[in-house]
Amino acid sequence: MASDSACDAFSVLPPETNVMATTEELVRTYYAALDEHAYDDLRGVLDPEFVQERPDRTFEDRESFVAFMRDDRPNADTTHEIDGVIVDDSRVVVEGRLFDSAGEELFRFADVHTVDDERIVHLRTYTQ
């Protein structure tokens, strides 16, 4: 298991604050943290009881999700391109595409984020 300390030297959070101003900014920080390998920032936007449900598996807590993204995801050199965002109180729906390092589209996704107390508590991912 690789240490993420070197990867976490880079932060995608605004330098003046670690507080997200809006739920949309919080969710956009989630994608930036994944793309930039900023795992401390990723951990910071997720609630400790975070759950992600996706077609191939379910993560039952923040630490297992962050560990998978840091150490075990099949292709870590990806970029999320957000095509649309809908915000409804504590729910943020994001439609986008995932690209590999060569710029090839891997798949389309729709993510439904539930936010509570300035953290993402639940994420349901749909892929096409």
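**Notebook: Arg73 and the salt bridges**

I began with Arg73, which sits in the loop between helix 3 (62-72) and strand 3 (78-88). I note here that the model is predicted.

**Entry 1: Arg73**

I asked whether Arg73 is buried or exposed. Arg73 is buried, and I found no salt bridge for it. I then looked for the nearest side chain of opposite charge, and that is Asp35, 5.7 Å away. A salt bridge needs a side-chain nitrogen of Lys or Arg within 4 Å of a carboxyl oxygen of Asp or Glu, so Asp35 at 5.7 Å does not qualify.

Next I looked up which backbone oxygens the side chain of Arg73 meets. The backbone oxygen of Leu34 is reached at 3.1 Å. The backbone oxygen of Met69 lies 2.8 Å from a polar atom of the Arg73 side chain.

I also listed the contacts of Arg73, leaving aside neighbours within four places in sequence. They are Leu34, His37, Tyr39, Phe68 and Thr78. Leu34 thus appears in my notes both as a contact and through its backbone oxygen.

**Entry 2: Salt bridges**

Side chains of opposite charge can pair when their charged atoms come close. How many salt bridges are there by the rule? The count comes to 13. I wrote down three of these pairs.

The side chain of Arg57 forms a salt bridge with that of Asp56, 3.4 Å from N to O. Arg57 has 35% relative accessibility and counts as partly exposed. Asp56 is also partly exposed, with a relative accessible area of 47%.

Glu63 and Arg62 join their side chains in a salt bridge at 3.2 Å, N to O. Is Arg62 buried or exposed? Arg62 counts as buried because its relative accessibility is 14%, and the cut-off for buried is under 20%. Glu63 is partly exposed, with a relative accessible area of 39%.

The third pair is Arg97 and Asp83, whose side chains meet at 3.0 Å, N to O. This pair links distant parts of the chain: Arg97 is in strand 4 (residues 91-100) and Asp83 is in strand 3, 14 residues apart. Arg97 is buried, with a relative accessible area of 18%, whereas Asp83 is partly exposed at 38%.

**Entry 3: The network**

I followed the partners of Arg97 and Asp83 further. Which residues are joined into one network with them by salt bridges that share partners? Glu81, Glu95, Glu105 and Arg108 belong to that network together with Asp83 and Arg97.

How values were computed
Residues are numbered from 1 along each chain as its sequence is written. This is a predicted model: local features need pLDDT of at least 70, side-chain atom pairs count only at pLDDT 80 or more; totals for chains, interfaces and linings use all residues. Side-chain values use heavy atoms; hydrogens and water are left out. Helices (H or I, at least four residues) and strands (E, at least two) are DSSP runs, numbered from the N terminus. Buried means under 20% relative accessible area, exposed over 50%, partly exposed in between (1.4 Å probe, protein chains only). Lys and Arg count as positive and Asp and Glu as negative; His and the chain ends are not counted. A polar contact is a pair of N or O atoms within 3.5 Å; within protein, one must be able to donate a hydrogen and the other to accept it, and residues adjacent in sequence count only if both atoms are side-chain atoms. Contact means heavy atoms within 4.5 Å.
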